Amino acid sequence: MNYFPDEVIEHVFDSIDSHRDRNSISLVCKSWHKIERCSRRTVFIGNCYAINPERLIGRFPCLRSLTLKGKPHFADFNLVPHEWGGFVHPWIDALARARVGLEELRLKRMVVSDESLELLSRSFVNFKSLVLVSCDGFTTDGLASIAANCRHLRELDLQENEIDDHRGQWLNCFPDTCTTLTLLNFACLKGETNLAALERLVARSPNLKSLKLNRAVPLDALTRLMSCAPQLVDLGVGSYENEPDPESFVKLMAAIKKCTSLRSLSGFLEVAPRCLPAFYPICQNLISLNLSYAAEIQGNHLIKLIQLCKRLQRLWILDSIGDKGLEVVATTCKELQELRVFPSDLHGEEDYNAAVTEVGLVAISAGCPKLHSILYFCKQMTNAALITVAQNCPNFIRFRLAILEPNKPDHLTSQSLDEGFGAIVQACKGLKRLSVSGLLTDKFFLYIGMYGEKLEMLSIAFAGDTDKGMLYVLNGCKKMRKLEIRDSPFGDAALLTDVGKYKTMRSLWMSSCEVTLGGCKRLAQNAPWLNVEIINENENNRNGEDEREKVDKLYLYRTVVGTRKDAPPYVRIL
Amino acid sequence: MDEFVNLKATELRLGLPGTDNVCEETERVSCCNKRALPDCDTENENESSSKKKTETSPPRKAQIVGWPPVRSYRKNNIQTKKNECDHEGQGIYVKVSMDGAPYLRKIDLSCYKGYSELLKALEVMFKFSVGEYFESEGYKGSEFVPTYEDKDGDWMLIGDVPWE
């Protein structure tokens, strides 16, 4: 079958990066399977329980970069109890024992311990890049091991992790010989930072392109850091609590002006708004701006800043910007591709004047032709607005709309939002990810089934009327990979109608729905290649056998390695 | 009166589609909400006016677990707006010093509604933790203790006297 020697084929495969393409290649014939697997450097595992480390290493012995995802997405919203699973240790342990030449590890929603980090730091001589997103279970002691032992470390990227900060000296643990850092993000650390150690580290890292500081780095330290790293492309500002005196402000502004490569700005975790003007000189260069943690900046200050950011492609902001602010974004940011508007008031029932509405969304859709990804928290929506948005922006790939009040109908007509969301799905032929909210009936699901051809991920909450809703989705969306549903009236009939469908999906989550223990048991019987997990935090009822009992949380996923052994007592795997 | 019974079913309406379904939707909405909002158990499901819909979904967003769908990291880390502190000159500013810190800070007491808020703010400002307050023993669990100097020049433990 092969007309070329293996090395030539391997060379051709080298230029193929996408793991999906690689997976396809490996199915062509035995020879290609073998060449592909021995040359595969990067592996992506979307569900760490779908496969085990031994089989991974067996198939891809030359692995350099591994991405692992653990807990289901709804764990982000506290729907998955602690200790559910997603432990990285067995993976690191197996990779270490097999002497895999690991260089990069990217983890999302996994439990990482200090021991794991220590083992990681000692086991892989060429380790270069550690990216942890929404992980937990470790402390700054673990970071100290990484700093101390990874001699060729280039990237340490900590995104939104819950890290126990022992306020130690982990930054000091980078040896003086460490000069290879290109990315350092510790914005999520809550404790004090050894500023002197940080400054020395930055000063000896000429290739540092991305630096994201935590709260504890004040203004004058920021000035010094920027002065020794004018090559920065991506900066996360820490805190600038008090208003600076004029001299400090001038120094800061001078340092910022020298950072002509700066393209991305974030942080502003504690900010006095009068410090923002120091950044005005570089705004015209920015392509990414994340002010979503800067709760203290009022809308008008935000607007002044954004008006200067004409090249912005990505904007993450709080709803304190208001509809007026979004109108400014629409007229200024013609290159905008991704927008996220987060709610600023999460705790109270205050009069929510600053929140955004459908008006802001329509303005953005009209003004930003390149927009393809949106996450929008708002207090109200209308079908008319969504229909207009669909007409203005048929290029959406990701569309997530969260109306803060569950089940809220169109606020002008009191109807369901079926037509509005239906219009989005129909117009956006390339839509891959959708999250919906507000009042929705089975009809909306019918639209999804009809038009959601490319849809891969769907998040449903408080929606639908009958099992038909879920069935429309399962039958119609051929590319569905991750389906997550909460508080919707879908039950056993929907769950069991097409068991084979779950072979084509990564996972299904259903919580507070109508599925019963009996239904789940029947599913597990008919699908031995699925792990059907029932999560039941109610201690009293754990081993009840009443098949009519409704299941509180169901999480099922395809796997080739059977039932996992590390589940806590409140998880029952059928 | 029989002839009126079926009239509704045969009635031609020019209303927007779905407007007549409001009643059924309300009941189903109640069913869904029952799970999400346990407080709704006692509500009367037999009401079918559309007004009920807005009453059924009260703005109790904070009570539903995991709603709105904001990452818990973000929920825990967003600084709450301190609108009251925007107006300088109206506040009650006091100097705060911490042993070992190179310079003093000033805070506006009128921004806080009680000792716990004040202590939390101090913790953030000075990056330390204050431990737990016990009436009998003062603050336990930390080497730092919050004190203030009263008009007699004595050093007093913060928290003994009522906030007002």
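**Two patches, a covered helix and a look at chain B**

Okay, let's start at the surface: Asp6(A), Glu7(A), Glu10(A) and Asp14(A) form a negative patch. By patch I mean residues with over 30% relative accessible area and no salt bridge, like charges being joined within 9 Å and nonpolar side chains (Val, Leu, Ile, Met, Phe, Trp, Tyr) within 5 Å. A salt bridge would be a side-chain nitrogen of Lys or Arg within 4 Å of a carboxyl oxygen of Asp or Glu. Asp and Glu count as negative, Lys and Arg as positive, with His and the chain ends not counted; a charge is placed at NZ of Lys, CZ of Arg, CG of Asp or CD of Glu. Areas are Shrake-Rupley with a 1.4 Å probe, and for residues only the protein chains shown count as cover.

Quick housekeeping: this is a predicted model, where local features need pLDDT of at least 70 and side-chain atom pairs pLDDT 80 or more, while totals for chains, interfaces and linings use all residues. Residues are numbered from 1 along each chain as written, chains are lettered from A and ligands numbered from 1 in written order, and side-chain values use heavy atoms, without hydrogens and water.

Back to Asp14(A), which sits in helix α1, residues 6-14 of chain A. Helices here are DSSP runs (H or I, at least four residues), strands likewise (E, at least two), numbered from the N terminus. Asp14(A) is partly exposed at 45% relative accessible area; buried means under 20%, exposed over 50%, partly exposed in between.

Helix α1 of chain A also holds Val12(A), partly exposed at 46%. Val12(A) joins Tyr3(A), Phe4(A) and Val8(A) in a nonpolar surface patch of about 480 Å².

Now, how much of helix α15 of chain A, residues 418-427, is buried? Seven of its ten residues are, among them Phe421(A), Ile424(A) and Val425(A). The buried residues pack against α14 (383-392), β16 (398-403), β17 (433-435) and α16 (442-451) of chain A.

Next, Leu107(A), in strand β3, residues 104-108 of chain A. Leu107(A) is buried, at 3% relative accessibility. Beyond four places in sequence, its contacts (heavy atoms within 4.5 Å) include Leu68(A), Val88(A) and Cys135(A). Thr67(A) is 40 residues from Leu107(A) in sequence, yet their C-alphas are 5.8 Å apart.

Last, chain B: six helices and six strands, running α-α-α-α-α-β-β-α-β-β-β-β. Of its 164 residues, 30% are buried. Its accessible surface is about 11,400 Å², with 52% belonging to carbon and sulfur atoms.

Methods: Buried means under 20% relative accessible area, exposed over 50%, partly exposed in between (1.4 Å probe, protein chains only).
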